[in-house]
Amino acid sequence: MTMLLDVADVSKVFPVGGGPGTWARLKRRFAKGVQELPKVHAVDDVSFVIAKGETVGLVGESGCGKSTLVRALTRLIDVSDGTIRLGERELSRKAARVFARDPDRRRIQMVFQDAGESVNPRFTAFDAIADPLRRLRNMSGRELTARVEAVAAQCGLPLQLLTRFPHQLSGGQRARVGIARAIAVEPDLLVLDEPTAALDVSVQVVILKLLQRLKREFGMSYLFVSHDLSVVRLLCDRVLVMYLGKIVESGPAASVFEHPLHPYTQALVAAVPRIGEKGAERLRLSGEPMSPIDPDPSVCRFYSRCSRAADACKITMPALRRFGERAVACHFAEEFLPKP
Amino acid sequence: MTIAPTLSVEGLSVEFRTRGGTVRALESVSFSVEKGETIALVGESGSGKSVTAYAVMGILDPAGRVSAGRAMFGGLDLLAAKPSQLADVRGREIAMIFQNPRTALNPIRPVGRQIADVLIRHGNVPRREAPAQAIEMLRAVGITDPTRRAKAYPFEMSGGMCQRVMIAIALAAKPSLLIADEPTTGLDVTTQAVIMDLVNDLAKELGMATIFITHDLALAGQRSSRIVVMHAGHVVENAPTQELFEHPLHPYTAELIAATPDSAASLDELASIPGSLPDLRRADLPPCRYSERCPRRIDACAQPLPRPAPGASHIVACWNPLTAKPLAMRTPTESAA
């Protein structure tokens, strides 16, 4: 298996001002620059790999750092620490602004959440798909037209719709435009940030099938970010579960959802509504999540809401430990391991 | 049973006048909900779920007009009631949880005050006791440190907490009917489960009738005893939850179940629904608005939809319904729309 993307120890912190008010203002004034300000640890020491042709799911609740991680590895923002390797290239040392004009820019592309909001409203569908080709491939004229039409056809977008603006397209058609412009430059890795969250179930199915077909045809790798576990289960080979900036569990999608080892994953799986099943198994998260601002490095991030919390969780932060193909960051993972 | 239902909607039709023509958003929508019962209105976007709720609450857009039908609540027809009558019923007897708590809450008023407002207006609570009771309400919906949170503005709270505040406002006056319009869209699954538990528990405690509007068939199945499936402004099927999933009679319901991701073992097993909603402005809309997408269309579909038998518990608006055939035997229809 050849590695495509290798993310090692990536962290991203954002300094925060500490809010309004006199005290915060004084603190900011006397703080010695940005280093002294409190920091949000959006992504904290995250490592994972994506193989060629693999589909990896990234799940977690809103605010857990999924989007920051995705932005960091698509090089839309700079990382605070760690390395991102795409094949042989080390990307994290290049500033995001410089990388925007890099020839390798085309190798990682992204499909954003709601194509209605992420496509320029003044661009027609044609322009939206042509834009990356013009910028990254220097295409123009007849060659460009041919390429745009070919990509649109691959994504099932009728050619007569190419002259339309985003607001004249339906949700499913907009999603196709978002996918078409991302795959136009033939990326190796496609990052999908909840591509079907804004769609109805019937359209969602069509888009998911389209994504699966494109993957088979072009051999791309996918990083599929979603909080819809039932979709992740169908589309992904492997899954990463994030909680407050940390990866708490990873492994093959089927076995993670069958036998979740981390208490957070267990609560997540139990919360997914299923047809014909009353909410009998009431494994619910209580309490509030911990603040991501300067969290205590020795306390488990999930401690405040965990059903299995013990004193050990306050003393040492559990590290991500491997169990065969699985990896879990919990002191009590052995308790939940399936009996051989 | 002789108990009158809490709310009974009969033959509700709603039209919107737009520049492009009259949109017939709802046509002959009928359903009822009994005391302590939770029903779900399910359908894709544009099927008329929210319009139904808005019509019942009397908060339709000015362009909208109720052209036919009744909505009996107690002895009062909500659709014909005077604004002053409605104002007394709304908030006190019927409450609504809106889709997006961030836009539904007043952004420049602390949440505790917003709950107190409802208590004073509808809950017969003296003005001086309202703030303390508002804090109790916040505690009841599971907000930690309610005394501090009562002073917070909506932007200072997370989506899940705003939704809890909405629930507290809706339930402040102990209504007998609660309409929850997609109460958990935009929330995480873990928060969704907690919020839905909360609504269910409080509904049980107060003996409320609940109308739960959602596009998530699986969630509806888990939380309601009866499901009303809507498509393009029609009720296409209305059945007890279990029966609906085991023996869907309307082709659209069956397609909807087959398209729900968690029912499938692999992506290939998922079926998509061909076609899209018809343009509701058209003058030549067929009597069955699904017939143009329907794989089971027959000649009879051109005549007006069949009238449901009075008192039937499983109602389907179809001339050629599926027979009670187990789900597993249906072959998923292949399509590439």
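Helices here are DSSP runs of H or I with at least four residues, numbered from the N terminus, and the expected span of a helix is 1.5 Å times one less than its number of residues. Helix H8 of chain A (residues 201-218) has 18 residues and reaches 26 Å from its first C-alpha to its last, close to the 26 Å expected. The structure is a predicted model, in which local features need pLDDT of at least 70, side-chain atom pairs count only at pLDDT 80 or more, and totals for chains, interfaces and linings use all residues. Residues are numbered from 1 along each chain as its sequence is written, while chains are lettered from A and ligands numbered from 1 in the order in which they are written.

Among the buried residues of H8(A) (20 or more other C-beta atoms, placed from the backbone, within 10 Å of their own) are A:Val201, A:Leu208 and A:Leu214. The buried residues of H8(A) pack against the helices tabulated below, contact being C-beta atoms, placed from the backbone, within 7 Å.

| Helix packed against | Chain and residues |
|---|---|
| H6 | chain A, residues 141-154 |
| H7 | chain A, residues 171-183 |
| H9 | chain A, residues 229-235 |

H11 of chain B also packs against these buried residues, and just after H8(A), A:Gly219 takes a positive phi of about 65°.

Between the chains, 34 residues of chain B are in contact with 31 residues of chain A. H8(B) contributes six residues, the largest share of the side of chain B that touches chain A.

Conventions. Two residues are in contact if their C-beta atoms, placed from the backbone, lie within 7 Å. Helices (H or I, at least four residues) and strands (E, at least two) are DSSP runs, numbered from the N terminus. A residue is buried if 20 or more other C-beta atoms lie within 10 Å of its own, exposed if 12 or fewer, and partly exposed in between; C-beta atoms are placed from the backbone.
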